[in-house]
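Let's take a friendly walk through the spaces in and between these chains. Please have the model open as you read.

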Amino acid sequence: MEHQFYFHLMMLIAIILAALWTVISRSLLKAALGLAMTSAILTIVMFKLDSPLAAVFELSVCAGLITAIFVSTISLTRIMTHQEIMAQSKDRMKRFGVLPLIIIFVGVGMWLMTKKLSITLPPQATETDVRKVIWNMRHLDLIGQAIMLLAGVFGVVVLFKQGKEKEDE
Amino acid sequence: MWWFYLSKEKRKKMNNEMVTIFWIYNAFALMLFAAGVYCVVVTRSLIRALIGLEVMTKAATLLIIVGGYVTNNTAAAQALVITMIVLEVVVIVVAAGIVLNIYRHNDSLDIRKLRNLRG
């Protein structure tokens with residue numbers, strides 16, 4: 001159990017470090033890769049917490065698809081000049097330098113708060129098969145997902161259509 | 001169902017361990033969320049604001065999964081996380097489209113240059 005505990009702790013620290021790198025790194029491409037790394041470590045945690053199906057989704061969609069979307073978006077924007085990079089780096093350190101301290105403060109504050117709170121765990125759920133839960137018990141979620149996907153497709157079509165019209169003009 | 005075959009003392013001990021695990025994960029998820037919020041609030045790049053939003057979503061995902069684990073209800077937690085991931089992708093794709101359109105209009109990703117918007 002202790003061995004497991006230290007593994008969990010190591011993974012959680014790795015997630016925080018990856019997220020910090022994502023947020024603080026100057027390059028947007030590095031930030032996108034850091035986000036993919038955060039997702040990959042989160043996937044390991046999910047596997048260890050008995051959630052393999054969600055872990056597969058997280059790895060394929062969040063670490064794969066979303067990173068590809070971010071990299072495509074970044075590649076469609078202009079490359080910064082050397083002067084812009086130098087001006088931004090000085091400014092960035094001022095703004096993001098305090099972030100590690102804030103994170104440590106939030107973590108310690110939360111840990112101290114746990115001593116004042118007490119929770120009791122609810123009884124075990126009746127259904128343990130995730131496929132049955134998705135298809136038989138959570139119909140509204142599925143309808144919501146379908147509507148959101150259609151709305152997303154419609155949104156992307158409208159957004160890119162406007163861009164094309166501008167180019168034609 | 002293995003949970004119900006354990007003795008009362010053992011169940012209580014396991015309950016305490018689960019609660020400890022929950023609080024540790026809770027603290028780390030909050031730290032992750034704080035990093036995301038800080039990124040969204042402080043950054044001046046639109047793409048980095050989206051990345052901050054993603055970091056916040058990771059924190060929520062972690063909390064849902066650990067909630068399912070400690071309550072021995074991983075099936076419902078996974079169903080929720082899958083729904084969340086689908087919605088996350090839709091939000092990011094549409095937001096990326098909006099960001100690209102803003103870039104075409106202003107030739108910059110700087111949030112401060114959006115002051116010329118009407119309204």
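## Domains of chain A

Which domains does the domain assignment of chain A give? Domain 1 covers residues 1-108, and domain 2 covers 130-159. Please keep in mind that this is a predicted model. Taken over C-alpha atoms, the centres of domain 1 and domain 2 of chain A are 27 Å apart.

## The largest pocket

A good place to start is the largest pocket, with a volume of about 850 Å³. Its lining has 28 residues. If you want to find the centre of this pocket on screen, look for Leu28(A), Arg78(A), Met80(A), Gln88(A) and Leu109(B), the lining residues that lie nearest to that point.

Which helices of chain A each supply at least two residues of this lining? They are helix H2 (28-48), helix H3 (52-75) and helix H4 (82-96). The largest share comes from H4(A), which provides 7 residues. By class, the lining of the largest pocket divides into 12 charged, 9 nonpolar and 7 polar residues.

## The second largest pocket

Next comes the second largest pocket, with a volume of about 170 Å³. Both chains appear in its lining: chain A gives Ile16(A), Leu20(A), Pro100(A), Ile103(A), Ile104(A), Gly107(A), Val108(A) and Trp111(A), while chain B gives Ala27(B), Phe28(B) and Met31(B).

In terms of helices, H1 (2-24) and H5 (99-114) of chain A, along with H1 (8-42) of chain B, each supply at least two lining residues. H5(A) gives the most, with 6 residues. How many charged residues does the lining of the second largest pocket have? There are no charged residues in this lining, which has 10 nonpolar residues and 1 polar residue. The polar one is Gly107(A), because Gly is counted in the polar class.

## The enclosed cavity

Finally, there is 1 cavity of 30 Å³ or more. The space in the largest cavity comes to about 40 Å³. From chain A, Ile134(A), Arg138(A), Asp141(A), Leu142(A) and Gln145(A) line this cavity, and from chain B the lining residues are Ala79(B), Ile82(B) and Thr83(B).

Which helices each supply at least two residues of the cavity lining? Helix H7 (139-168) of chain A does, together with helix H3 (74-106) of chain B. The cavity lining has 4 nonpolar, 2 polar and 2 charged residues. The two charged ones are Arg138(A) and Asp141(A), because Arg and Asp are both counted as charged.

Terms used. Residues numbered from 1 in each chain as written. Chains lettered and ligands numbered in written order. Predicted model: local features only at pLDDT ≥ 70, side-chain atom pairs only at ≥ 80, totals over all residues. Heavy atoms only, no water. Domains from an automatic or database assignment. 1 Å grid on protein atoms, 1.4 Å probe; cavity = no way out; pocket = protein on both sides within 12 Å on 5 of 7 lines; lining within 4 Å. Points joined across faces, edges and corners; volume = space filled by probe spheres on them. Helix = DSSP H or I, 4+ residues; strand = E, 2+ residues; numbered from the N terminus.
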